[in-house]
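Let's take a walk through this protein together, moving from single residues to the helices, strands and pocket around them. Have the sequence and the model open side by side as you read.

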Amino acid sequence: AGYGCATCMGNSGDVDPGMAEASERGMVTGAILSGNRNFESRVHPSVGAAYLASPPLVVAGALAGSLSVDLATEPLGCDRDGQAVFLQDVWPSSEEINAYIIKFV
């Protein structure tokens with residue numbers, strides 16, 4: 001390895017072939033990432049739009065599977081019983097966060 005980020009510019013591996021093909025056809029593809037930098041192709045040369053978010057929101061976006069999902073009002077997916085699961089269902093409360101801070105930090 002040399003200088004720079006080990007995952008920038010696609011160094012973390014290939015994207016889904018369908019995403020790469022869409023990018024080659026001129027579609028602006030996107031990703032959600034947690035980090036301190038944002039620029040075109042940050043995630044991969046095929047990803048033209050990258051959005052910075054907190055780590056939990058990156059996971060929520062991955063669960064939703066699309067940047068077009070409104071994480072505040074639309075379900076992230078469904079549970080094993082087919083019931084919609086929303087961000088507020090999986091987001092920890094302040095009390096839960098504080099308990100982990102006290103226990104582990």
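Where is T29 found? T29 lies in the loop between α1 (17-24) and β1. Before we go further, please keep in mind that this is a predicted model.

Is T29 buried or exposed? With a relative accessible area of 8%, T29 falls under the 20% cut-off and so is buried. Its surroundings are worth tracing in your viewer: setting aside residues up to four places away in sequence, T29 touches M19, A22, S23, S46, V47, G48 and A49.

One of those partners, S46, makes a good next stop. S46 sits in the loop between β1 and β2 (49-52). Its relative accessibility is 11%, so S46 also counts as buried. Apart from neighbours within four places in sequence, S46 is in contact with V15, A20, S23 and T29. S23 thus turns up in the contacts of T29 and again in those of S46.

Now step back for the overall layout. The protein chain has four helices and four strands, and reading along the sequence gives the pattern α-β-β-α-β-β-α-α. Of the 105 residues in the chain, 21% are buried. If you take the contacts with a separation of 6 or more, 35% of them join residues 24 or more positions apart.

Two residues ahead of the opening helix give examples of such separations in sequence, this time seen as distances. G13 belongs to the segment before α1 and is partly exposed, with a relative accessible area of 29%. From C-alpha to C-alpha, G13 and V43 are 9.6 Å apart in space, with their positions 30 residues apart in sequence. D14 is in the segment before α1 as well, but D14 is exposed, at a relative accessible area of 78%. The C-alpha atoms of D14 and V43 are 10.0 Å apart, for a sequence separation of 29 residues.

Let's return to β1, the strand that follows the loop of T29. Which residues of β1 point to the buried face? The side chains alternate along the strand: A31 and L33 point to one face and are buried, whereas G30 and I32 point to the other and are not. β1 also pairs with β2, in the parallel sense and over four bridges. To find the pairing on screen, look at I32, whose bridge partner in β2 is Y51.

From the strands we move to α2 (55-64). Here A60, G61 and A64 are buried. These three cover an arc of only 100° around the axis, which means that they lie on the same side of α2. The face turned away from that buried side carries the exposed residues P55, A62 and L63. What do the buried residues of α2 pack against? Their packing partners are β1 and α3 (87-90). Just after α2, G65 takes a positive phi of about 80°.

The α3 side of this packing can be followed through L87, a residue of helix α3. L87 counts as buried because its relative accessibility is 15%, a value under the 20% cut-off. Leaving out residues up to four places away in sequence, L87 touches L57, A60, L71 and L76. A60 is one of the buried residues of α2, so this contact lets you see part of the packing between the two helices. For another buried residue of α2, G61, the C-alpha distance to L87 is 9.7 Å, with the two 26 residues apart in sequence.

Our last stop is the largest pocket, which has a volume of about 180 Å³. Which elements give two or more residues to its lining? They are β1 (30-33) and α2. The full lining consists of G30, A31, I32, V58, G61, A62, G65, S66 and L67. Several of these have already come up, including A31, buried on β1, A62, exposed on α2, and G65 with its positive phi. By class, the lining has five nonpolar, four polar and no charged residues.

Definitions and conventions: Residues are numbered from 1 along each chain as its sequence is written. This is a predicted model: local features need pLDDT of at least 70, side-chain atom pairs count only at pLDDT 80 or more; totals for chains, interfaces and linings use all residues. Side-chain values use heavy atoms; hydrogens and water are left out. On a 1 Å grid over the protein atoms alone, a cavity is a set of points where a 1.4 Å probe fits but cannot get out, and a pocket is an open set with protein on both sides within 12 Å along at least five of seven lines; lining residues have an atom within 4 Å of a point. Grid points are joined across faces, edges and corners, and a volume is the space filled by probe spheres set on the points. Ala, Val, Leu, Ile, Met, Phe, Trp, Tyr, Cys and Pro count as nonpolar, Asp, Glu, Lys and Arg as charged, and the others, Gly among them, as polar. Buried means under 20% relative accessible area, exposed over 50%, partly exposed in between (1.4 Å probe, protein chains only). The arc is that of the directions from the helix axis to the C-beta atoms. Contact means heavy atoms within 4.5 Å. Two strands pair if DSSP finds at least two bridges between them.
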